[in-house]
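Work through the exercises below with the sequence and the structure open beside you. Try each task before reading its solution.

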Amino acid sequence: MVVPQDAPLMRAVADRLGRVDEFIAIAALIVVVGSVAWGVVTRYLFPQPAAWSYEVATIGFAWMVFFGAAAGVRRRAHADIDVLVVMLPRSLQRAVAMFNWWLLTGFFALLTVLFAWQAVVAHHVYTVALVLPRSVIYAPMAVASALMLIQHLALERPWRVSAGVEVRV
């Protein structure tokens with residue numbers, strides 16, 4: 001991850017986080033594939049299918065999506081649609097970049113707060129097959145959203161763009 005030099009605290013946090021989001025997403029993908037495969041095997045080879053495999057696959061899929069999205073923020077792999085923006089003058093491109101920065105900052109912060117709140121509220125509600133608290137589903141989503149926020153703050157610096165450099169929206 002390339003973190004701007006003017007953000008020593010964000011650089012330290014980003015260095016510590018490294019690629020943990022990718023490892024969690026890969027582990028979740030392995031859990032999803034293994035759980036679905038086990039569910040298929042038990043459905044056709046045993047008299048009683050594994051009732052828990054669907055829940056494990058669902059939880060693993062949610063983890064994979066959110067931690068994969070966090071990795072996408074870190075790698076700047078999410079799609080940009082800039083057909084209209086590149087035709088604007090540099091000052092308006094910069095304004096759009098600033099608007100996008102604030103919009104994403106607010107969105108990631110809101111996701112973090114809402115998923116954390118949902119994890120607290122749903123802690124006493126249990127899943128059907130595994131009897132796990134639903135906070136097992138929501139708390140990692142709050143963590144992944146916080147990772148997205150931290151990595152967005154560490155990577156994006158639309159106010160540091162000079163007049164001769166292309167603005168990335």
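The exercises that follow concern a predicted model and go from the whole chain to single residues.

**Exercise 1. The chain as a whole**

Task: State how many helices and strands the chain has, and in what order its elements run.

Solution. Step 1: count the elements; the chain has five helices and zero strands. Step 2: read them from the N terminus on, which gives α-α-α-α-α. Step 3: turn to burial; the chain has 169 residues, and 36% of them count as buried. Step 4: look at the surface; the accessible surface of the chain is about 10400 Å², and carbon and sulfur atoms make up 73% of that. Step 5: look at contacts along the chain; among those with a separation of 6 or more, 73% join residues 24 or more positions apart.

**Exercise 2. The largest nonpolar core**

Task: Find which residues of the largest nonpolar core touch the most other members, and which elements give two or more residues to it.

Solution. Step 1: this core has 18 residues, and those touching the most other members are F66, F67, F108, F115, M141 and M148. Step 2: two or more residues come from each of α3 (53-75), α4 (90-121) and α5 (135-155). Step 3: take F66 as an example; leaving out residues up to four places away in sequence, F66 touches F115, M141, A144, S145 and M148. Step 4: F66 also belongs to an aromatic cluster, together with F115 and Y138.

**Exercise 3. Two aromatic pairs**

Task: Two rings pair if their centres lie within 6.5 Å, and planes over 60 degrees apart count as edge-to-face, under 30 as stacked and the rest as tilted. Classify the pair W101 and W102, then the pair F107 and F108.

Solution. Step 1: count the pairs under this rule; there are five aromatic pairs. Step 2: the ring centres of W101 and W102 are 4.8 Å apart and their planes stand at 90°, so this pair is edge-to-face. Step 3: compare burial, where under 20% relative accessible area is buried and over 50% is exposed. W101 has 9% and is therefore buried, whereas W102, at 56%, is exposed. Step 4: for F107 and F108 the centres are 6.0 Å apart and the planes are at 50°, so the pair is tilted. Step 5: apply the burial cut-offs again; F107, at 44%, is partly exposed, and F108, at 6%, is buried.

**Exercise 4. A buried serine and a surface patch**

Task: Decide whether S35 is buried or exposed, and find which residues it contacts beyond its neighbours within four places in sequence.

Solution. Step 1: locate the residue; S35 is in helix α2. Step 2: the relative accessible area of S35 is 3%, so S35 counts as buried. Step 3: with neighbours within four places in sequence left aside, S35 is in contact with W52, S53, V56 and A57. Step 4: W52 also takes part in a nonpolar surface patch of about 820 Å², made with V36, W38, V40, V41, Y44, L45 and F46. Step 5: look at one other member of the patch; W38 lies in helix α2 (residues 20-45) and is partly exposed, with 39% relative accessibility.

**Exercise 5. A contact between distant positions**

Task: Find how far apart the C-alpha atoms of E55 and L130 are.

Solution. Step 1: E55 lies in helix α3. Step 2: at 14% relative accessibility, E55 counts as buried. Step 3: E55 and L130 are 75 residues apart along the chain, and their C-alpha atoms are separated by 7.5 Å. Step 4: apart from residues up to four places away in sequence, E55 touches T127, V128, A129 and L130.

**Exercise 6. Positive phi values**

Task: What is phi of R76, and what is phi of V131?

Solution. Step 1: phi of R76 is near 55°, a positive value in a residue other than glycine. Step 2: R76 sits in the loop between α3 and α4 and is partly exposed, with a relative accessible area of 30%. Step 3: phi of V131 is also near 55°, and V131 is likewise a residue other than glycine. Step 4: V131 sits in the loop between α4 and α5 and is exposed, at 53% relative accessibility.

Key
Residues numbered from 1 in each chain as written. Predicted model: local features only at pLDDT ≥ 70, side-chain atom pairs only at ≥ 80, totals over all residues. Heavy atoms only, no water. Buried < 20%, exposed > 50% of the residue type's maximum accessible area, 1.4 Å probe, protein only. Patch = residues over 30% accessible without salt bridge, like charges linked within 9 Å, V, L, I, M, F, W, Y side chains within 5 Å. Areas by Shrake-Rupley, 256 points an atom, 1.4 Å probe, with all protein chains shown as cover. Salt bridge = Lys/Arg side-chain N within 4 Å of Asp/Glu carboxyl O. Helix = DSSP H or I, 4+ residues; strand = E, 2+ residues; numbered from the N terminus. Contact = heavy atoms within 4.5 Å. Core = buried A, V, L, I, M, F, W, Y, C linked by side-chain atoms within 4.5 Å.
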